[in-house]
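Open the model in your viewer and keep the selection tool at hand. The tour makes a few stops, each starting from one residue.

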Amino acid sequence: MALPLNPDGLYTVAPASNSFLGTVRVKGKPDSHDPVSIRICERHDGFAAALIMDRAQRSVRQEVLFASLPDGKSMSWERWIARETVAVEAAEQGFLRIVNEEFAAVRDNCRGYRTIYTPGGSEVFRGFVSDDPASDVVRTFGHPGWLNVDDRIGIVFRGSGGAVYRNRHHFKTWWAVADDLTLSMMDPGFEVRAGGTVAELAALVAPGQRHEKTAAQQFVVLRSGRRAVALIADGYLAAANFGPEPRTISFAARRADLPRVPVFEGSALVSADKVTYRMPLQAGEAMLRKAMLELAVEGRLELTASSAGRVLARNAGRSTAAVRAGRSGRTIRIAPGGIAVLR
């Protein structure tokens with residue numbers, strides 16, 4: 001279970017089995033948990049964890065990167081891979097149980113309704129109990145890119161399936177008035193061959209965030225083309241190597257997704273259309289790094305940042321490049337093949 005909470009604590013998000021991390025049901029394969037590896041990178045202000053686990057009688061593999069940032073935000077990436085040909089009966093990721101009670105003592109939060117914001121607008125969902133099984137309200141949002149719960153939790157995400165909000169009123173066994181949010185729910189009944197991806201979800205959760213900020217929140221998923229992934233948000237980079245061997249991995253993002261290029265320990269290549277970071281990672285290792293600088297870049301630059309904080313830029317292009325650190329720093333021009341010390 002991974003349970004992101006806002007300052008209201010359990011008055012907004014309720015503890016529930018299968019919270020946030022996914023569930024996959026495979027035909028003829030009862031669920032099971034066989035840990036492969038777990039590694040944690042600890043910082044004084046956050047952490048990153050990489051988890052690999054075989055599920056459903058080892059027929060599918062679950063790979064998870066989860067990172068906690070200093071301001072309370074979290075970044076996550078989860079992928080399920082078929083280890084043999086499987087018939088998938090259900091696949092859901094990013095489940096959260098949203099409290100929708102009315103408590104006079106906490107009226108600023110538990111007002112008896114929740115407002116869900118998406119790029120398409122907002123909708124109010126009332127919380128009440130009914131004896132009619134048909135009283136539940138189900139909304140499907142497809143792939144909205146972001147969603148905000150009542151200006152209390154912002155979520156930026158990309159999943160294999162569509163987002164669904166179930167405004168519950170009928171409870172077979174009553175425990176609390178609460179709704180079900182699932183960020184990625186896939187249509188049941190599909191086959192995945194060995195090595196294929198069953199389901200995938202990348203998400204950033206921002207507790208206490210209003211919907212206007214969620215709409216503008218930067219969250220970048222970097223690909224490696226192999227069994228590894230990296231995430232960038234708010235000047236932090238989290239990465240994980242899910243492969244069986246240590247290796248130096250290249251993680252690439254579209255240049256348009258990083259208009260200002262964050263510089264992390266290691267090396268990076270900035271071109272007109274993409275930014276590529278290279279870093280060594282052990283098998284199963286997770287890593288969390290804070291940006292040393294943010295750069296406005298024109299041209300093709302190779303960046304190298306040491307653990308001591310020194311940052312060098314080399315012009316790898318055929319024309320003069322320009323780089324500016326920060327929003328008000330001076331612009332440095334670098335001739336082809338030239339090197340500049342940025343920090």
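Select I40, which lies in strand β3, a run covering residues 33-43. The model is predicted, and what follows is read from its coordinates. Colour I40 by accessibility: its relative accessible area is 53%, so the residue is exposed, the cut-off being over 50%.

Now add I38 and F47 to the selection and show the surface. Together with I40, these residues make a nonpolar surface patch of about 290 Å².

Next, go to R79. Strand β6, residues 74-82, holds this residue. Is R79 buried or exposed? R79 counts as buried because its relative accessibility is 12%, and the limit for buried is under 20%. To see what surrounds R79, leave out the neighbours within four places in sequence and display its contacts: R61, Q62 and E63, then T197, A199 and E200, and finally R227.

Keep R227 on screen, since the next stop also touches it. Select N241, found in strand β19, which spans residues 236-241. With a relative accessible area of 0%, N241 is buried.

Which backbone atom does the side chain of N241 reach? Draw a distance to the backbone nitrogen of G243; the value is 2.9 Å.

Then show the contacts of N241, again setting aside neighbours within four places in sequence. R227 and A228 are among them. Also in contact with N241 are P246, R247 and I249. Finish by adding L281, Q282, A283, G284 and E285, which N241 contacts as well.

Note on methods: Residues numbered from 1 in each chain as written. Predicted model: local features only at pLDDT ≥ 70, side-chain atom pairs only at ≥ 80, totals over all residues. Heavy atoms only, no water. Patch = residues over 30% accessible without salt bridge, like charges linked within 9 Å, V, L, I, M, F, W, Y side chains within 5 Å. Areas by Shrake-Rupley, 256 points an atom, 1.4 Å probe, with all protein chains shown as cover. Salt bridge = Lys/Arg side-chain N within 4 Å of Asp/Glu carboxyl O. Helix = DSSP H or I, 4+ residues; strand = E, 2+ residues; numbered from the N terminus. Buried < 20%, exposed > 50% of the residue type's maximum accessible area, 1.4 Å probe, protein only. Polar contact = N/O pair within 3.5 Å; in protein donor to acceptor, adjacent residues only side chain to side chain. Contact = heavy atoms within 4.5 Å.
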